[in-house]
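Got a few minutes to go through some labels and where they come from? Here is the model to look at.

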Amino acid sequence: MKARYFKTGLLFAAIAMMFTACDSDRDDNPVLGPANAPTEFVLNASPLANQYIDIFKDNKINLTWSQPNYTVNTVVNYKVQVGLVQGGNTKWDTEDNGSARFLETAFTSCSATLSGEEISQSINHINGITDENNWTDPGYLEVAFRVYADIQTTAKESIEGTGIYSNAVTFKSMRPDNSIKGLASIYVIGNCSGWTEPAKGNAEALAAWRIMETEIGSNVFVGTFDIPGGMLQFRFYTKLTGWDGGNSYGTQVDDAPIVCDFDADGKYTGPAVNGKGSWEFDDWAGGQLKMTVDMNKNTVTFETVK
């Protein structure tokens with residue numbers, strides 16, 4: 001019986017709190033906005049700041065900070081921005097329009113475990129690297145971090161006057177890997193592209209034979225090419241690491257072409273295998289050929305464009 005009385009007491013207390021909350025909803029309650037904008041926000045220095053750190057996909061970096069001095073108790077949204085210290089000045093990661101570019105993962109507590117992959121992507125973006133085939137090891141760099149805090153609506157929109165940047169902290173020696181955040185691409189390698197070796201040094205020569213991802217992370221690639229008539233033979237490479245890099249996709253594992261045909265509608269659909277067997281069309285009439293490569297399903301679709 002005591003347990004029942006205890007639960008009943010809690011119920012009455014909860015109801016009383018509900019009425020109290022409603023009664024307190026007056027015009028003089030705090031309203032978020034410029035009038036109560038925060039003025040203090042401290043990002044703590046890391047004990048690893050002076051160590052040599054190699055950043056790679058599975059590596060993590062921890063940051064902690066104090067909550068900004070908002071005048072109301074509410075959930076705060078935190079985003080991390082990366083910068084490179086060059087000649088005593090910090091070049092922060094920005095979008096093409098000049099607005100701040102933050103790491104993809106956001107936080108609601110005063111600490112973060114940052115993805116090494118996201119950090120490398122941001123560093124490479126600052127350095128203007130948009131394709132991993134154009135990436136070169138930059139060595140160890142001085143990397144800065146700062147945190148942006150704001151309060152957001154339920155629609156994830158920032159409430160005016162609540163945004164504030166923390167101070168910046170730096171890591172003296174960080175080296176990124178070749179992680180790139182952008183549209184991935186694959187390359188058409190065959191007689192249409194002169195059988196140019198899919199090597200890093202040939203990136204410029206093969207630029208016209210790239211097929212871009214439909215959107216970041218989709219793993220579906222679509223491109224259209226104007227190809228002269230005659231025997232057509234090709235396969236795809238996901239990276240420019242040479243003939244034997246293991247990044248080739250074709251009709252079969254063995255390095256031998258398989259003759260294929262378009263149907264009555266000028267369309268071919270088939271599997272894509274991690275191997276060197278090329279597609280071969282002996283009676284290609286010439287013209288535009290649309291290529292769709294779905295790396296999720298490992299399938300290809302080739303369509304003549306009329």
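What follows is a short round of questions and answers on the terms used for this structure.

This is a predicted model, in which local features need pLDDT of at least 70, side-chain atom pairs count only at pLDDT 80 or more, and totals for chains, interfaces and linings use all residues. Residues are numbered from 1 along each chain as its sequence is written, and side-chain values use heavy atoms, with hydrogens and water left out.

Q: Why is C110 called partly exposed?
A: Its relative accessible area is 27%. Buried means under 20%, exposed means over 50%, and partly exposed lies in between (1.4 Å probe, protein chains only), so C110 with its 27% is partly exposed.

Q: What makes the place of C110 a loop?
A: C110 sits between β4 (89–92) and β5 (111–115). Helices (H or I, at least four residues) and strands (E, at least two) are DSSP runs, numbered from the N terminus. For the protein, that comes to 2 helices and 19 strands.

Q: Which residues is C110 in contact with, leaving aside neighbours within four places in sequence?
A: They are L63, T64, W65, S66, Q67 and Y78, where contact means heavy atoms within 4.5 Å. Take Y78: it is 32 residues from C110 along the chain, and the two C-alpha atoms are separated by 8.1 Å.

Q: How do you know that β11 and β18 pair?
A: Two strands pair if DSSP finds at least two bridges between them. Residues 220–227 (β11) and 287–294 (β18) are joined by 8 bridges and run antiparallel, so they count as paired. One of the partnerships is F225 with L289 in β18.

Q: What makes β18 and β19 a pair as well?
A: There are 7 bridges between β18 and β19 (residues 299–305), again antiparallel, so the rule of at least two is met. V293 has V300 in β19 as its bridge partner. The two strands form a hairpin with 4 residues between them, and N298 in the turn has a positive phi of about 55°.

Q: Why is I216 partly exposed rather than buried or exposed?
A: I216 has a relative accessible area of 49%, so it falls in the in-between class. Its place is the loop between β10 (210–213) and β11. Along with L183 and M212, I216 forms a nonpolar patch on the surface, with about 240 Å² of accessible area together.

How values were computed. Patches are made of residues with over 30% relative accessible area and no salt bridge: like charges are joined within 9 Å, nonpolar side chains (Val, Leu, Ile, Met, Phe, Trp, Tyr) within 5 Å. Accessible areas come from the Shrake-Rupley method with a 1.4 Å probe; for residues, only the protein chains shown count as cover. A salt bridge is a side-chain nitrogen of Lys or Arg within 4 Å of a carboxyl oxygen of Asp or Glu.
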